[in-house]
Amino acid sequence: GNNEDRIVRVNPNTGAQTIVSSGNLFIGPSRITVEADGDILVSDDGSGGAGSVIRVDPVTGVQALVSSGGNLVNPYGIAVEADGNVVVAEETGKIIRISPVSGSQTVVASGLDRLTAIAVDSDGTLLVNKPGGLIRIDSVTGAPIEEYTLGGNLLCVSSIAIIPNQVPHCNAAGPYTAECQGSVTTLQLDGSDATDPDGDLIAFSWTTDCPGGSFDDPTSPMPT
């Protein structure tokens, strides 16, 4: 490899740079991802030769070939599924699944348009790029599920990152007290100050352990 074929670790606080690995198996490294055990996976387009996926020890920088050739012609986007399998977005329009142990390749989908980016969503579906947007792909059948035409500044997608959904902040107000009103006592509850950090809509489901207690609408933010 040349001086540009390297992985660089950047300290997020100081900006200090450290070369993790360079040269050796690297010919045209393109994208990286990290396995559950911390090992780094690199897609390498081979600069006109056979494409490959290379594993790098994050401590020693030692490189090991995971898979090469076959359907790997111009591999770009790379991600790891929940079971540890590796998925690669091929510029030739294919999504390739690779065994992290044997390196065997399986075509998940084909006929897509010049793929350069891929990510695995929390439900296991795959997100890949398309001109001006994204496509959600069924990871089992390889069929497109949904397309997002974003346009605007999204001209050429080189990578996709999924931000994990954050837990909503529950605010049920209270504590609540009420004077007994006979056989039935009504109490107004108020959960309208609950918020979601992601800005998603909030669904309500009120429950009670009070014997005989009930709600007029347990899905309302302000039931009685």
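V8, V10 and I19 together make a nonpolar surface patch of about 240 Å². The model is predicted, and the chain averages a pLDDT of 89, with 96% of the residues scoring at least 70. Confidence also varies by element: strand 9 (residues 95-98) has the highest mean pLDDT, 98, while strand 14 (residues 144-149) has the lowest, 85.

**Accessibility of three residues**

Of the patch members, V10 lies in strand 1, which covers residues 6-10. L65 belongs to strand 6, residues 63-68, and D121 sits in the loop between strand 11 (118-120) and strand 12. Their relative accessible areas are listed below.

| Residue | Relative accessible area | Class |
|---|---|---|
| V10 | 48% | partly exposed |
| L65 | 49% | partly exposed |
| D121 | 17% | buried |

The cut-off for a buried residue is under 20% relative accessible area. D121 is at 17%, and therefore counts as buried. Partly exposed residues fall between that cut-off and the 50% above which a residue is exposed, so V10 at 48% is placed in the partly exposed class. L65 at 49% is also partly exposed, because its value does not go over 50%.

**Contacts of L65 and D121**

Leaving out residues up to four places away in sequence, L65 touches L25, S52, V53 and I54. One of these partners, L25, is 40 residues from L65 along the chain, and the C-alpha atoms of the two are separated by 7.7 Å. For D121, the contacts beyond four places in sequence are L127, R136 and I162.

**Nonpolar cores**

The largest nonpolar core has 13 residues. Those with the most contacts inside this core are I95, L112, L115, I118, L126, V128 and I137. Two or more residues come from each of strand 8 (86-90), strand 10 (105-109), strand 12 (126-130) and strand 13 (133-137). Another core, of nine residues, lies apart from the largest one; L41, V66, I78 and I96 are among its members.

L126, named above for its contacts inside the largest core, can be followed further along the chain. When neighbours within four places in sequence are set aside, L126 is in contact with E81, V87, I95, V108, I118, A119, V120, I135, R136, I137 and S139. Among these partners, I95, I118 and I137 are also named with L126 for having the most contacts inside the core. R136 is a contact of L126 and likewise of D121.

Definitions and conventions: Residues numbered from 1 in each chain as written. Predicted model: local features only at pLDDT ≥ 70, side-chain atom pairs only at ≥ 80, totals over all residues. Heavy atoms only, no water. Patch = residues over 30% accessible without salt bridge, like charges linked within 9 Å, V, L, I, M, F, W, Y side chains within 5 Å. Areas by Shrake-Rupley, 256 points an atom, 1.4 Å probe, with all protein chains shown as cover. Salt bridge = Lys/Arg side-chain N within 4 Å of Asp/Glu carboxyl O. Helix = DSSP H or I, 4+ residues; strand = E, 2+ residues; numbered from the N terminus. Buried < 20%, exposed > 50% of the residue type's maximum accessible area, 1.4 Å probe, protein only. Contact = heavy atoms within 4.5 Å. Core = buried A, V, L, I, M, F, W, Y, C linked by side-chain atoms within 4.5 Å. pLDDT = per-residue confidence, 0-100.
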